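The exercises that follow ask for careful reading of a single chain, and each task is paired with a solution that goes step by step. Please work through each task with the sequence and the structure in view before turning to its solution.

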Amino acid sequence: MEAVSFEDYINRLKAQNIIIETGNSKKYGTVTKYRFSVEQRFHRGYSLGSFYTDDNIKKRISRRQDYLKTQKNIRIEQANTEKESRVA
């Protein structure tokens, strides 16, 4: 999934009929809970593994966005270099 923000990530999950709620945990603070339509219980993100905590999801989205910006800048620089070499 290639979400551009945490809110976009949540909206994409909701579009796939995954029920999302937010809850509080004494140990973890605010947590996101997920429930597939065929299941009866919610799964908290941290119980799915450290990869699915809200903070780690936000970090992964941020890193991907930074990577895409870097790649875009590299392509722009390459295109400018090609134009300059054609002119010269």
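**Exercise 1.** Determine in which element Gly-45 is found, and decide whether Gly-45 is buried or exposed.

*Solution.* Gly-45 is found in helix α2, in a model that is predicted. The second step is to set its relative accessibility against the cut-off: buried means under 20% relative accessible area, so Gly-45, at 2% relative accessibility, counts as buried. The third step turns to distance, and here the C-alpha atoms of Gly-45 and Leu-68 are separated by 26 Å, although the two residues are 23 residues apart along the chain.

**Exercise 2.** Work out which residues line the second largest pocket, and which elements give two or more residues to that lining.

*Solution.* Begin with the space itself, which comes to about 190 Å³ in the second largest pocket. The lining includes Phe-6, Tyr-28, Thr-30, Val-31, Thr-32 and Gly-45, and it is continued by Tyr-46, Tyr-52, Thr-53, Asp-54, Asp-55 and Lys-58. Sorting this lining by element, one finds that β2 (29-36), α2 and α3 each give two or more residues to it. Gly-45, which was placed in helix α2 in the preceding exercise, is one of the lining residues.

**Exercise 3.** Find the residues that form a nonpolar patch on the surface with about 300 Å² of accessible area together, and place Leu-48 in its element.

*Solution.* The patch is formed by Leu-48, Phe-51 and Tyr-52. Leu-48 is found in helix α2, which covers residues 45-48. With a relative accessible area of 42%, Leu-48 is partly exposed, which satisfies the requirement that patch residues have over 30% relative accessible area. Tyr-52 belongs to this patch and is also among the residues that line the second largest pocket.

**Exercise 4.** List the residues of the largest nonpolar core, and state how many there are in all.

*Solution.* The core has 10 residues in all, namely Ala-3, Phe-6, Tyr-9, Ile-10, Leu-13, Ile-18, Ile-20, Tyr-34, Ile-57 and Ile-61. Assigning them to elements shows that α1 (6-15), β1 (18-25) and α3 (54-87) give two or more residues to this core, with α1 giving the most, 4 residues. Ala-3, by contrast, has its place in the segment before α1, and at 6% relative accessibility Ala-3 counts as buried. The C-alpha atoms of Ala-3 and Ser-62 are separated by 9.7 Å, while the two residues are 59 residues apart along the chain.

**Exercise 5.** Establish how many salt bridges a search of the whole structure finds, and describe the parts of the chain that each pair connects.

*Solution.* The search finds 3 salt bridges, and they can be taken one at a time.

- The side chains of Glu-2 and Arg-64 meet at 3.4 Å, N to O. Glu-2 lies in the segment before α1 and Arg-64 in helix α3, so this pair ties together parts that are 62 residues apart in sequence. Glu-2 counts as exposed at 52% relative accessibility, whereas Arg-64 is partly exposed at 32%.
- In the pair of Arg-12 and Asp-8, the closest N and O atoms are 3.1 Å apart. Both residues lie in helix α1, 4 residues apart, which is about one turn of the helix. Arg-12 is partly exposed, with a relative accessible area of 35%.
- The side chains of Glu-21 and Lys-33 meet at 3.8 Å, N to O. This pair links distant parts of the chain, 12 residues apart, with Glu-21 in strand β1 and Lys-33 in strand β2. Glu-21 counts as partly exposed at 36% relative accessibility, while Lys-33, at 18%, counts as buried.

A last step returns to Arg-12, whose C-alpha atom is separated by 24 Å from that of Tyr-28, the two being 16 residues apart along the chain.

**Exercise 6.** Consider the backbone of Asn-17: what is its phi near, and where is its place?

*Solution.* Phi of Asn-17 is near 60 degrees, a positive value in a residue other than glycine. Most residues other than glycine have a negative phi. The place of Asn-17 is in the loop between α1 and β1, and at 55% relative accessibility Asn-17 counts as exposed.

How values were computed. Residues are numbered from 1 along each chain as its sequence is written. This is a predicted model: local features need pLDDT of at least 70, side-chain atom pairs count only at pLDDT 80 or more; totals for chains, interfaces and linings use all residues. Side-chain values use heavy atoms; hydrogens and water are left out. Patches are made of residues with over 30% relative accessible area and no salt bridge: like charges are joined within 9 Å, nonpolar side chains (Val, Leu, Ile, Met, Phe, Trp, Tyr) within 5 Å. Accessible areas come from the Shrake-Rupley method with a 1.4 Å probe; for residues, only the protein chains shown count as cover. A salt bridge is a side-chain nitrogen of Lys or Arg within 4 Å of a carboxyl oxygen of Asp or Glu. Buried means under 20% relative accessible area, exposed over 50%, partly exposed in between (1.4 Å probe, protein chains only). A nonpolar core is a set of buried Ala, Val, Leu, Ile, Met, Phe, Trp, Tyr and Cys residues joined through side-chain atoms within 4.5 Å. On a 1 Å grid over the protein atoms alone, a cavity is a set of points where a 1.4 Å probe fits but cannot get out, and a pocket is an open set with protein on both sides within 12 Å along at least five of seven lines; lining residues have an atom within 4 Å of a point. Grid points are joined across faces, edges and corners, and a volume is the space filled by probe spheres set on the points.
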